[in-house]
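The following points are offered as a colleague's note on a predicted model. They begin with the lining of an internal cavity and then turn to the protein as a whole.

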Amino acid sequence: MNALNRVLSELRKIATYPMVWIVFALIIALQVYLLAQAYPNLSGMLRGVSFDTNIELFRGEVRSAGSAVLDLAAAASFQTAAFLPIVIALAIGQEYREARQLSISLLAVPRRRQFVLAKYASTAVLAIAFSIVVNLVTTIGILAAAGSWSSGLLSSPAAWLASGRFTFVCLVLALLTAGLTLVTRDVLSSIGIMIVLAVVSIGGFIGYASPAFQALLPFDAARSLLLDSSFAGSSTPLLAVLILSAWVLVFGVLGWLCVARRDA
């Protein structure tokens, strides 16, 4: 079985897990609901302005409408991406929940390194698909609220850069969750760990005691990368990329080692 077939095999297995797609659909539905709730206020602020018009999006914060729209899109996408680990944990950890499924998979792909690489590759495909859907929904929501003037802005180089950053964040969160799931061999444990990381990062609890330590947490680094123009993050964008890459590397290797050293 070549590398492409191994990845396709993993994707076919994911496609047969109904819960993965149910949760995926619920997350997108939640994003649509939140955008719909914000629509009246956004429409009132953004209709009839141009991209260089100064608006007060948040009390005391006056910015150009174009910059504000891009940050709104990034923030809306980021809050949705926080739920991506649930989808990935279900997709990767399902084999540990079904009797002898892992043993059957390892019979088909006996080399553990190839088995783990196929799982990570299928995780990356799922994360990219997730980022495309979320970006599309966000773009439609922002266009509906702001009107035709924002269509050019959302197709500008700055918007493409923001979309690329968001896709990178989705890849990081997905691969990190996949590595955690391979280490713990338990869906709920990996989801719980990611929830804790999200709460302590976004909630800022650790930042009160040690801002430098909080900057090393994945969700804080992701927020700094996506919202660098509107959020006084703990990391610069470049440092955030290095931090996120380090998390993926460490847990990617740990996940591979755990699969390689354990009996199925």
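1. The lining of the second largest cavity is mixed in character: four of its residues are nonpolar, three are charged and one is polar. The residues concerned are E10, K13, I14, Y17, A91, I92, K119 and S122.

2. Three elements each give two or more residues to this lining, namely α1 (3-15), α4 (84-97) and α6 (112-146). Of these, α1 supplies the largest share, with three residues.

3. How many cavities of 30 Å³ or more does a search of the whole structure find? The search returns two. The volume of the second largest is about 30 Å³, and that cavity should be read with the search cut-off of 30 Å³ in mind.

4. As to the overall fold, the secondary structure consists of 13 helices and two strands. The three elements named above for the cavity lining, α1, α4 and α6, are helices.

5. The protein has 264 residues, and 48% of them are buried. Its accessible surface comes to about 12,700 Å², with carbon and sulfur atoms accounting for 69% of that area.

6. Contacts were also considered by separation along the sequence. Among those in the protein with a separation of 6 or more, 69% join residues 24 or more positions apart.

7. In summary, the model is a predicted one with 13 helices and two strands. Its second largest cavity is lined by residues that include E10 and K13 as well as I14 and I92, and α1 gives the largest share of that lining.

Notes:
Residues numbered from 1 in each chain as written. Predicted model: local features only at pLDDT ≥ 70, side-chain atom pairs only at ≥ 80, totals over all residues. Heavy atoms only, no water. 1 Å grid on protein atoms, 1.4 Å probe; cavity = no way out; pocket = protein on both sides within 12 Å on 5 of 7 lines; lining within 4 Å. Points joined across faces, edges and corners; volume = space filled by probe spheres on them. Helix = DSSP H or I, 4+ residues; strand = E, 2+ residues; numbered from the N terminus. Nonpolar A, V, L, I, M, F, W, Y, C, P; charged D, E, K, R; others polar. Buried < 20%, exposed > 50% of the residue type's maximum accessible area, 1.4 Å probe, protein only. Contact = heavy atoms within 4.5 Å. Areas by Shrake-Rupley, 256 points an atom, 1.4 Å probe, with all protein chains shown as cover.
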